[in-house]
Structures are given as C-alpha cells and as structure tokens.
Amino acid sequence: MRKKLIRLTLLFVSLIVILINGAAIYAGMSLVANKTLFVVHMARLYAKAPDQNLAMPVQGVMKSQIADTWHVPREGDRLHEGQDIFAKRGTPVLSATDGYVVRIGENQLGGQTVSVLGAGGRIYYYAHLDSYAPNIATGDHATTQTVLGYVGNTGNAAGGPTHLHFGVYAREGALNPLPLLSDRPEEEKSTTNTPKIERGKKSR
C-alpha cells in the first residue's frame, strides 16, 4: 500500500512538472526537431550538383554593368576574392541561389554579412551590408526572391562607395562569381540608371 502511494505521488508530481514546464519542453523538442531537419536539408544540398547559373544578387543591376574586380590587388598583399556590385545605399540584396542561411554576423573586413549554403556545399557570401532584412535568421530557407539585406559600405569599405561584395566559395576555394551570374528576367524588362564602376575605382 505504501509503495502504491509513493508511485501515485511520483506520478502526480511528474504530471505537475510536465504541466508547468510544458511550453519549455515543447520548445526544446521543437528545437531538436528543427536542428535535425536542418541537418537533413544540408545533406541534401551537399549531394546536389553546384549551380551553374546564379541570379544577380543586387536588385536593379545588370551583369553588363559590373566591372570585373576578381583578383584585383588589395591592401595587405591580398587578392580580391569576389565581385563588387555597386548600387545606392539601401538597394535590396537578394539571394543568388536557393539554399539555407548558415551565418549572419559582422566581421572586420566584410562588415555586416550573410552567408548562404547552396547546392554542392558552396557558400555564397554577401558583405558590406548596410542592414539585414527584417526577421532574417540562421536556418532560414532562401530562394532567389529572398531579400537578405541592403547595400551599404560597412567593414573595411567604410567611407568608400556603397556596394555589395559577393563571394562564392567551393570546397577547393574561392571562385570568380562573374561568369556564373545572370540577369534577372524582371531586370531585363526595365531600364536602370546604376552606373558601371571602372576597374580603377577604389573599393574593398
């Protein structure tokens, strides 16, 4: 009888604990499920062939307006590992490919940055952002219509012309994004006044 009473008491206490902490327990389970699902998505992306065509990541800019800045010398004996796409401050920056946001953060060179993992395990790097898109979060699914942030000149671009530094990183290292870029269909139908910046124009 005493053992039965102890069991009932423990069961009763357990039920109370579950009821009181139900939201936290559910949130924890959801977090574990979301992380598991995220890992599954990552594995599927790695198994796919890398994208051979990327959508222009800056709204209103055509490929013909981009001056090739790949491997232009930079301070500290660096070579520029990406393309600078110039536009007015606050111009929307969109994902160039389908994928998942794997990092949102700030660093000394890139300022405010977003990194998206795409097919084949390639990382697409968007830097010098003036600000991030509202509610963007690590783990978000991104499509070519997803706004990631807005053109700026943060990081080591401070004081220079506003632009997006767009980088593509494969397992073997950085790739020149320019040959992969394609004009967005909606931009081909409209005209734009975004000037082409000459190769000699100083940017970072």
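In the hairpin that connects S7 and S8, five residues sit between the two strands, and one of them, Gly120, takes a positive phi near 75°. This is a predicted model, and that hairpin is a handy place to start looking around it. On either side of the turn, S7 and S8 run antiparallel and are held together by five bridges. One of the pairings puts Val116 opposite Tyr124, its bridge partner in S8.

Strand S7 has a partner on the other side too. S6 and S7 also run antiparallel, this time with seven bridges between them, and a hairpin of three residues takes the chain from S6 to S7. Here Ile104 has Val114 of S7 as its bridge partner. As for burial, seven of the seven residues of S7 are buried, so the strand is largely enclosed by the rest of the structure.

S7 also feeds into the largest nonpolar core, which has 26 residues. Strands S7 (111–117), S8 (123–132), S10 (147–151) and S11 (163–170) are the elements that give two or more residues to this core. The residues with the most contacts inside it are Leu54, Ile85, Tyr126, Phe166 and Leu181. Take Leu54: setting aside its neighbours within four places in sequence, Leu54 is in contact with Ala96, Thr97, Tyr124, Phe166, Val168, Leu180, Leu181 and Ser182.

Thr97, from that list of contacts, is worth a stop of its own. It lies in the loop between strand S5 (92–94) and strand S6 (99–107). Thr97 counts as buried because its relative accessibility is 4%, below the 20% cut-off for that label. Its side chain is joined to that of Asp51 by a polar contact of 2.4 Å. Not counting residues up to four places away in sequence, Thr97 touches Asp51, Leu54, Tyr124, Ala142, Thr143 and Thr144.

Next come the rings. The structure holds three aromatic pairs. In one of them, Tyr125 and Tyr169 meet edge-to-face, with 6.3 Å from centre to centre and 75° between the planes. This pair links distant parts of the chain, as Tyr125 is in strand S8 and Tyr169 in strand S11, 44 residues apart. The two partners fall into separate accessibility classes: Tyr125, at 15% relative accessibility, counts as buried, while Tyr169 is partly exposed, with a relative accessible area of 28%.

Tyr126 and Phe166 make another pair; their ring centres are 5.2 Å apart and their planes are at 45°, so this one is tilted. Again distant parts of the chain are linked, with Tyr126 in strand S8 and Phe166 in strand S11, 40 residues apart. Both Tyr126 and Phe166 are buried. Ring pairs also bring in Tyr124, so to speak, by linking Tyr124, Tyr126 and Phe166 into a cluster.

Charged side chains have a smaller part in this account. Side chains of opposite charge can pair when their charged atoms come close. The structure holds one salt bridge. In it, the side chains of Asp130 and Arg89 meet at 3.0 Å, N to O. Asp130 belongs to strand S8, whereas Arg89 sits in the loop between strand S4 (83–86) and S5, 41 residues apart, which makes this another link between distant parts of the chain. Asp130 counts as partly exposed, at 31% relative accessibility, and Arg89 is also partly exposed, with a relative accessible area of 46%.

Methods. Residues numbered from 1 in each chain as written. Predicted model: local features only at pLDDT ≥ 70, side-chain atom pairs only at ≥ 80, totals over all residues. Heavy atoms only, no water. Core = buried A, V, L, I, M, F, W, Y, C linked by side-chain atoms within 4.5 Å. Buried < 20%, exposed > 50% of the residue type's maximum accessible area, 1.4 Å probe, protein only. Helix = DSSP H or I, 4+ residues; strand = E, 2+ residues; numbered from the N terminus. Contact = heavy atoms within 4.5 Å. Polar contact = N/O pair within 3.5 Å; in protein donor to acceptor, adjacent residues only side chain to side chain. Phe/Tyr/Trp six-rings, centres within 6.5 Å; stacked < 30°, edge-to-face > 60°. Pairing = 2+ DSSP bridges. Salt bridge = Lys/Arg side-chain N within 4 Å of Asp/Glu carboxyl O.
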